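Got the viewer open? Here is a short tour, one selection at a time.

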Amino acid sequence: MMTSDSRGKPRYWALVPCAGSGSRAGAAGPKQYERIAGHPLVWHTLAAIAAVKRITRTLVVVAPGDGFFERNPTGALVVPCGGATRAASVANGLYELCRVGATESDWVLVHDAARCLVTPELIDQLIDACEGDPVGGLLAQRLPDTLKREQDGRVAETLPREDKWLAQTPQMFRIGLLMQALEAAGPGVTDEAHAVESLGHAPRLVPGSSQNFKVTWHDDFALAEAVLKGRQR
């Protein structure tokens with residue numbers, strides 16, 4: 001089995017859960033396969049990751065029976081081990097990374113397939129900020145808007161925003177720690193940082209970008225396309 005490199009340094013792997021149905025986006029099929037700026041959405045995501053030279057390999061987790069990657073120009077390893085939840089898909093993907101040579105002391109960067117506007121620069125910023133951290137961390141953005149709590153369709157409370165952040169991806173942790181965290185936290189966690197928090201750790205917040213949003217709603221497709229076309233120009 002492969003271990004860390006000859007200098008004993010841990011390596012960096014990327015894991016992209018890509019097994020969701022994307023029902024909130026109102027698309028005919030999984031949103032990650034909708035075309036944006038001339039290519040499937042997930043192609044843009046994987047191209048940004050591939051441009052980060054420090055990443056050893058990218059593993060994409062798809063649902064069993066998903067034939068989208070039968071023609072795969074991305075160079076990523078595609079494994080049909082998607083689970084019923086995001087947490088299950090990521091956990092399965094971590095075991096697959098170990099099967100192909102990753103070690104528990106290596107870092108993994110978990111990134112949403114639908115965050116197609118991430119840039120290599122943002123990913124490098126995360127690695128630089130977290131490579132010496134005892135826990136790891138995530139890209140995130142300070143909450144810019146006033147935050148309301150709702151009850152029965154009406155405002156029940158206005159919450160302070162000074163200490164609130166919007167979690168983004170990638171989220172970067174040691175493979176062994178994340179495996180342990182996901183097993184302990186169960187299927188209800190919605191991101192990797194939440195699982196790591198459940199073990200009592202405090203992941204580092206690394207400032208991201210407002211453009212690194214997750215394509216979730218129907219209107220997000222047009223916005224993402226406008227940004228991508230603007231970059232191409």
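Start by selecting Q171 and E192: the backbone nitrogen of E192 sits 3.2 Å from a polar atom of the Q171 side chain. Keep in mind as you go that this is a predicted model.

Stay on Q171 and show D191 as well. The two side chains make a polar contact, at 3.0 Å. Q171 belongs to strand β10. Is Q171 buried or exposed? Buried: its relative accessibility is 1%, and the cut-off for buried is under 20%. Now bring up its surroundings. Leaving aside neighbours within four places in sequence, Q171 is in contact with V108, L109, V110, L126, G137, L138, D191, E192 and A193.

From that set, pick L126 and widen the selection to helix α3, residues 120-130. Colour the buried residues of α3, which are L122, I123, L126, I127 and C130. They sit on the same side of the helix, because they cover an arc of only 140 degrees around its axis.

Back to β10, which covers residues 165-174. Select P170, which is found in that strand, together with T169. The peptide bond from T169 to P170 is cis, and its omega is near 10 degrees.

Next, turn on a pocket display and go to the second largest pocket, with about 230 Å³ of space. Of the 15 residues lining this pocket, those closest to its centre are R86, D112, T190, D191 and K214. You have already met D191, as the polar partner of the Q171 side chain. Which elements give two or more residues to the lining? They are α2 (86-99) and β10. The largest share, 4 residues, comes from β10. Try colouring the lining by class: you should find 4 nonpolar, 6 polar and 5 charged residues.

Two loop residues make a good last stop. Select A37, in the loop between β2 (35-36) and β3 (39-40). Its phi is near 50 degrees, a positive value in a residue other than glycine. Then jump to D152, in the loop between β8 (147-151) and β9 (154-159). D152 also isn't a glycine, and its phi is positive, near 55 degrees.

Now switch on the surface. Which relative accessible area goes with A37? The value is 10%, so A37 is buried. D152, on the other hand, is exposed, with a relative accessible area of 72%.

Conventions. Residues numbered from 1 in each chain as written. Predicted model: local features only at pLDDT ≥ 70, side-chain atom pairs only at ≥ 80, totals over all residues. Heavy atoms only, no water. Buried < 20%, exposed > 50% of the residue type's maximum accessible area, 1.4 Å probe, protein only. Arc of directions from axis to C-beta. Polar contact = N/O pair within 3.5 Å; in protein donor to acceptor, adjacent residues only side chain to side chain. Contact = heavy atoms within 4.5 Å. 1 Å grid on protein atoms, 1.4 Å probe; cavity = no way out; pocket = protein on both sides within 12 Å on 5 of 7 lines; lining within 4 Å. Points joined across faces, edges and corners; volume = space filled by probe spheres on them. Nonpolar A, V, L, I, M, F, W, Y, C, P; charged D, E, K, R; others polar.
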